[in-house]
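Colleague: Thanks for sharing this one! Could you take a close look at the backbone for me, and tell me where I should pause as I trace the chain?

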Amino acid sequence: MRTEWIAKRSGHTNVSQMHYARQGVITEEMHFVAKRENLPPELIRAEVARGRMIIPANINHPNLEPMAIGIASKCKVNANIGASPNSSNMEEEVDKLKLAVKYGADTVMDLSTGGGNLDEIRTTIIKASPVPIGTVPIYQALESVHGNMESLTPNDFLHIIDKHAQQGVDYQTIHAGILIEHLPLVKNRLTGIVSRGGGILARWMLHHHKQNPLYTHFNDIIEIFKKYDVSFSLGDSLRPGCTHDASDEAQLAELKTLGQLTRKAWEHDVQVMVEGPGHVPMDQIEFNVKKQMEECSEAPFYVLGPLVTDIAPGYDHITSAIGAAMAGWYGTAMLCYVTPKEHLGLPNAEDVRNGLIAYKIAAHAADIARGRPGARDRDDELSKARYNFDWNRQFELSLDPERAKEYHDETLPADIYKTAEFCSMCGPKFCPMQTKVDADALTELEKFLAKEPVAQS
């Protein structure tokens, strides 16, 4: 779809959506997003120009179906996949990608750290994906020096970042906000640094006693991103890894730096979203969202969870979806899903499904709470089908139709029960929805009540 659109931009030194938006141009991607979001194209252009919305769309990912991340658009959901040295391979990851897209992932991050040739895994995923693909280039940078973190040079980082951009990655997590002066601020934490990328850079800075090379070479990264229209996903290396550590001095110090980097990228018309926590108790979620908007000039916020309690290993897709729904309500633009395997192991296909559905629920609930036009239409249609005992229509409107049908059919599998006016919970005699009262009868009742006091027996 995008091949002809992209061809018109060849030879330009900056091909970012923000660059065109700031020139007053409504690109084909912006028109496409406007139709998907049911919003005016000019609003999309203005939000992208302002930096409050991004359209991650690398020019080397032509089979992408453009989408938007921003407070003016629907709340989005990212799904993480990725092969590890201990488990899974390229075929499994492509299957996870297809499953994620099937169940509504708006973007997918490839977090592969092993399990095969990383370049081959990444390019295969990009070619198979109609949704934006994100990566964390520092993982491959470390793999390229065989895990010898101390030997990494700034050029090693830049080489991998450029490679990912050339391969068609739409957004990259860049851990440029963690500074050497921030490291002492984690000493009172229970869980220290829990970001993999942040941990790598912290060890590098402690070893060399030098500033974060992604920070000192941020302008070099900007120049790479301009050429391909790669969006920054500014990583929160000091995100809290438990509720005890939430909203602490280390987290907020990095956030301030992320705001400075956001504005520096905007000076060059490069798109930015900012990553956020993590583990945050419910009473601090609104503060975190508003603080990010303040520090980062309203750049789209992209949060992992947040998890609102730490005591439910195996159920962290639930503990985090609670926080995600609240974060989305307060204005977070995209939610990064958490699967039941969080903190325990590499997710399999069923974990991806469960995590993604939990987050589609959270994002949709946030859209309803924010009063987005049309957000509740599907809910109302499903409610009508439920009241009319139209089981097949209920399944069709469900976020996970296969699961809804599976649960119904566990006890009432025969086709005749698809038109029955009951389910196995209440049975045929006790379902309250069988009490159908027509409008005329209710009108007559209202007249009666207006005239006669009701006897209290």
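**Along the backbone**

Modeller: Happy to! Let's start with F389, which sits in the loop between α16 (377-387) and α17 (391-397). Please keep in mind that this is a predicted model. F389 is not a glycine, yet its phi is positive, at about 55 degrees. That deserves a pause, because most residues other than glycine have a negative phi. The side of the story you can't read from phi is burial: F389 has a relative accessibility of 6%, so it counts as buried.

Now scroll back to N38, in the loop between α3 (28-37) and α4 (41-50). Here, too, a residue that is not a glycine has a positive phi of about 55 degrees. N38, however, is exposed, with a relative accessible area of 70%.

Next come the peptide bonds. In general, most of them are trans. The bond joining P277 and G278 is cis, and its omega is about 20 degrees. You will find G278 in the loop between β8 (272-276) and α13 (285-295). Another cis bond runs from G305 to P306, where omega is near 5 degrees. P306 belongs to the loop between β9 (301-304) and α14 (316-330).

So, for your trace, pause at F389 and N38 for phi, then at P277 to G278 and G305 to P306 for omega.

Definitions and conventions. Residues numbered from 1 in each chain as written. Predicted model: local features only at pLDDT ≥ 70, side-chain atom pairs only at ≥ 80, totals over all residues. Heavy atoms only, no water. Helix = DSSP H or I, 4+ residues; strand = E, 2+ residues; numbered from the N terminus. Buried < 20%, exposed > 50% of the residue type's maximum accessible area, 1.4 Å probe, protein only.
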